[in-house]
Structures are given as C-alpha cells and as structure tokens.
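This report examines one protein model, beginning with its charged side chains and moving outward to the strands that carry them. The sequence and the structure are shown below.

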Amino acid sequence: MTVGEYKILHKIGKGAFGDVYKVKDSKGLSCAMKVLQKDKLKTVAGRQINEIEVLTKVCHPNIV
C-alpha cells in the first residue's frame with residue numbers, strides 16, 4: 001500500500017491516536033509514519049493539536 005510518495009512496509013507500533021508504520025519514500029529513505037484515526041480525533045482534539053504542533057517543529061530526517 002502507498003500513501004502519496006510513501007510505501008508502507010509494516011506496522012511498528014500503536015499510539016493513543018493511531019498506528020505507526022515503517023515506510024519508504026520514493027528515493028528509498030526509510031522513516032516512520034503515524035496514521036491517525038479520525039474517530040479518536042474528536043475526543044482528544046486538544047491533545048492531538050498539541051502533538052501536531054510539536055512534531056511540526058522537530059527537524060529530523062526520519063520525521064515526516
């Protein structure tokens with residue numbers, strides 16, 4: 001399965017808001033992708049927004 005330019009390889013974990021997968025981009029770089037569950041976002045919207053804000057400020061080659 002692919003999402004945009006990322007090919008999902010396998011599931012590596014599960015968090016409060018969704019699952020985390022090992023993915024590979026079109027250039028062959030491996031990284032992790034968190035896939036959020038929409039139904040859980042309604043009940044934890046504030047915490048999720050905070051997590052998104054933190055992750056957007058992280059500068060790391062393995063965080064998309």
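## Salt bridges and their setting

Searching the whole structure yields two salt bridges. The model is a predicted one. Side chains of opposite charge can pair when their charged atoms come close.

Asp19 forms a salt bridge with Lys11, and the closest N and O atoms of this pair are 3.6 Å apart. A salt bridge also links the side chains of Lys14 and Asp19, with an N to O distance of 3.3 Å. Through shared partners, the salt bridges join Lys11, Lys14 and Asp19 into one network.

Which of these residues are buried, and which are exposed? Asp19 counts as buried because its relative accessibility is 13%, under the cut-off of 20%. Lys11 has a relative accessible area of 45%, so this residue is partly exposed. Lys14 reaches 55% relative accessibility and therefore counts as exposed, the cut-off for that class being over 50%. The table sets out these values.

| Residue | Relative accessibility | Class |
|---|---|---|
| Asp19 | 13% | buried |
| Lys11 | 45% | partly exposed |
| Lys14 | 55% | exposed |

## Asp19 and Val20 in strand β3

Asp19 is placed in strand β3. Its side chain makes a polar contact with the side chain of Lys14 at 3.3 Å, the pair that also meets in a salt bridge. When residues up to four places away in sequence are not counted, Asp19 touches Lys11, Gly13, Lys14, Met33, Lys34, Val35 and Gln37. Both salt-bridge partners of Asp19, Lys11 and Lys14, appear among these contacts.

Val20 lies in strand β3 as well, which covers residues 18–24. Leaving aside neighbours within four places in sequence, Val20 is in contact with Lys11, Ile12 and Gly13, and also with Ala32, Met33 and Lys34. How far apart in space are Val20 and Lys34, C-alpha to C-alpha? The distance is 4.3 Å, although the two residues are 14 residues apart in sequence.

## Strand pairing

Strand β2 spans residues 6–14. Six bridges join β2 to β3, and the two strands run antiparallel. Within this pairing, Ile8 of β2 has Val23 in β3 as its bridge partner. The hairpin formed by β2 and β3 has three residues between the strands.

Strand β2 also pairs with strand β1, which comprises residues 2–3. Two bridges join β1 and β2, again in an antiparallel arrangement. Thr2 has Lys7 in β2 as its bridge partner. The hairpin of β1 and β2 has two residues between the strands, and Gly4 in its turn has a positive phi of about 60 degrees.

## The protein as a whole

The protein contains two helices and four strands. Along the sequence, these elements follow the pattern β-β-β-β-α-α. Buried residues account for 22% of the 64 residues, and Asp19 is one of the residues classed as buried.

Among contacts between residues at least 6 apart in sequence, 23% join residues at least 24 apart. The accessible surface comes to about 4800 Å², and carbon and sulfur atoms contribute 59% of that area.

Definitions and conventions. Residues are numbered from 1 along each chain as its sequence is written. This is a predicted model: local features need pLDDT of at least 70, side-chain atom pairs count only at pLDDT 80 or more; totals for chains, interfaces and linings use all residues. Side-chain values use heavy atoms; hydrogens and water are left out. Contact means heavy atoms within 4.5 Å. Buried means under 20% relative accessible area, exposed over 50%, partly exposed in between (1.4 Å probe, protein chains only). A polar contact is a pair of N or O atoms within 3.5 Å; within protein, one must be able to donate a hydrogen and the other to accept it, and residues adjacent in sequence count only if both atoms are side-chain atoms. Two strands pair if DSSP finds at least two bridges between them. A salt bridge is a side-chain nitrogen of Lys or Arg within 4 Å of a carboxyl oxygen of Asp or Glu. Accessible areas come from the Shrake-Rupley method with a 1.4 Å probe; for residues, only the protein chains shown count as cover.
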